[in-house]
Amino acid sequence: MAVEMEDQLQLKVVNSESLPDADRSTIISLCNRAYEEDLEPLFNTFRTATHALGYYAQSLVSHAMWVNRWLQIGTNPVMHTAYIEMVATEKTYRSRGFVTAIMKCVADEIQDFDLGALSPFSVAYYERLGWELWRGPLFIRTDSGLIRTPRDGDVMILRLPRTPNLDVNAPLSAEWREGELW
Ligand SMILES: CC(C)(COP(=O)(O)OP(=O)(O)OC[C@H]1O[C@@H](n2cnc3c(N)ncnc32)[C@H](O)[C@@H]1OP(=O)(O)O)[C@@H](O)C(=O)NCCC(=O)NCCS
């Protein structure tokens, strides 16, 4: 899929299975520069993902991806969740609305999931785009039970057509995973 944005950002959505190695390396380099850290080890933990890629003049300048997670409110049925990761824009291309466009594209693409979720760098940034801060306690599900996770890393959710009625003050859990828990 490719959509031409008014400011020349071209958006593409690609599954990790069909992502050429060279493109994968370009994404990791972009994220490393944006976050100013080596994200390759973390990136390698995301086995199956879908990438939203923003190109400006044929160069990759913005990126976000989503992975499958299984979030659960209390003991309600688990929700198939699109969990957003690695949101980044190349420094010289920031503040042009590129990630805003990427996140709108992501929201359109994840409509068949039960829920969208992410760990934000800024709550206000994502609130603007319709995401809501989870206010209840956060837990990770493990084989030996629930681990409560501290609230220093926030979690935000995006309601989608299949999202059940939910109360953002309720306890929320996700399955344990390698790398970053939230
Ligand atoms: C955050 C980031 C992805 C935004 O990308 P972008 O393409 O510039 O985003 P947009 O143009 O859509 O939005 C820009 C707005 O983001 C907001 N913003 C950027 N960084 C911010 C921060 N650390 N805290 C709060 N708001 C921030 C500003 O309000 C900015 O508005 P301005 O143009 O008036 O300054 C980009 O700055 C980046 O790659 N940062 C480093 C990596 C990172 O923190 N990723 C997010 C992880 S969830």
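**Exercise 1. Which residues touch the most other members of the largest nonpolar core?**

Solution. A nonpolar core is a set of buried Ala, Val, Leu, Ile, Met, Phe, Trp, Tyr and Cys residues joined through C-beta atoms within 7 Å. Buried means 20 or more other C-beta atoms within 10 Å of a residue's own; exposed means 12 or fewer, with C-beta atoms placed from the backbone. The largest core has 42 residues, and A52, A64, I84, I102, V106, A117 and M156 touch the most other members. β5 supplies the largest share, 7 residues.

The model is predicted: local features need pLDDT of at least 70, side-chain atom pairs count only at pLDDT 80 or more, and totals for chains, interfaces and linings use all residues. Numbering starts from 1 along each chain as its sequence is written.

**Exercise 2. Where do the buried residues of α1 fall, seen down its axis?**

Solution. Start with the list: I27, L30 and C31 are buried. They fall within an arc of 95 degrees, so they line one face of the helix. The arc is taken from the directions from the helix axis to the C-beta atoms. The face turned away carries the exposed residues D21, A22 and S25. Now look at the cover: it includes β3 (49-56), β4 (59-73) and β5 (79-89). Contact means C-beta atoms, placed from the backbone, within 7 Å.

**Exercise 3. Which residues of the shell are closest to the ligand?**

Solution. Among the 17 surrounding residues, T89, R94, S95, T100 and S122 are the closest. A shell residue has its C-beta atom, placed from the backbone, within 6 Å of the ligand. α1, β5 and α3 (98-109) each give two or more residues.

How values were computed. Helix = DSSP H or I, 4+ residues; strand = E, 2+ residues; numbered from the N terminus. Contact = placed C-beta atoms within 7 Å.
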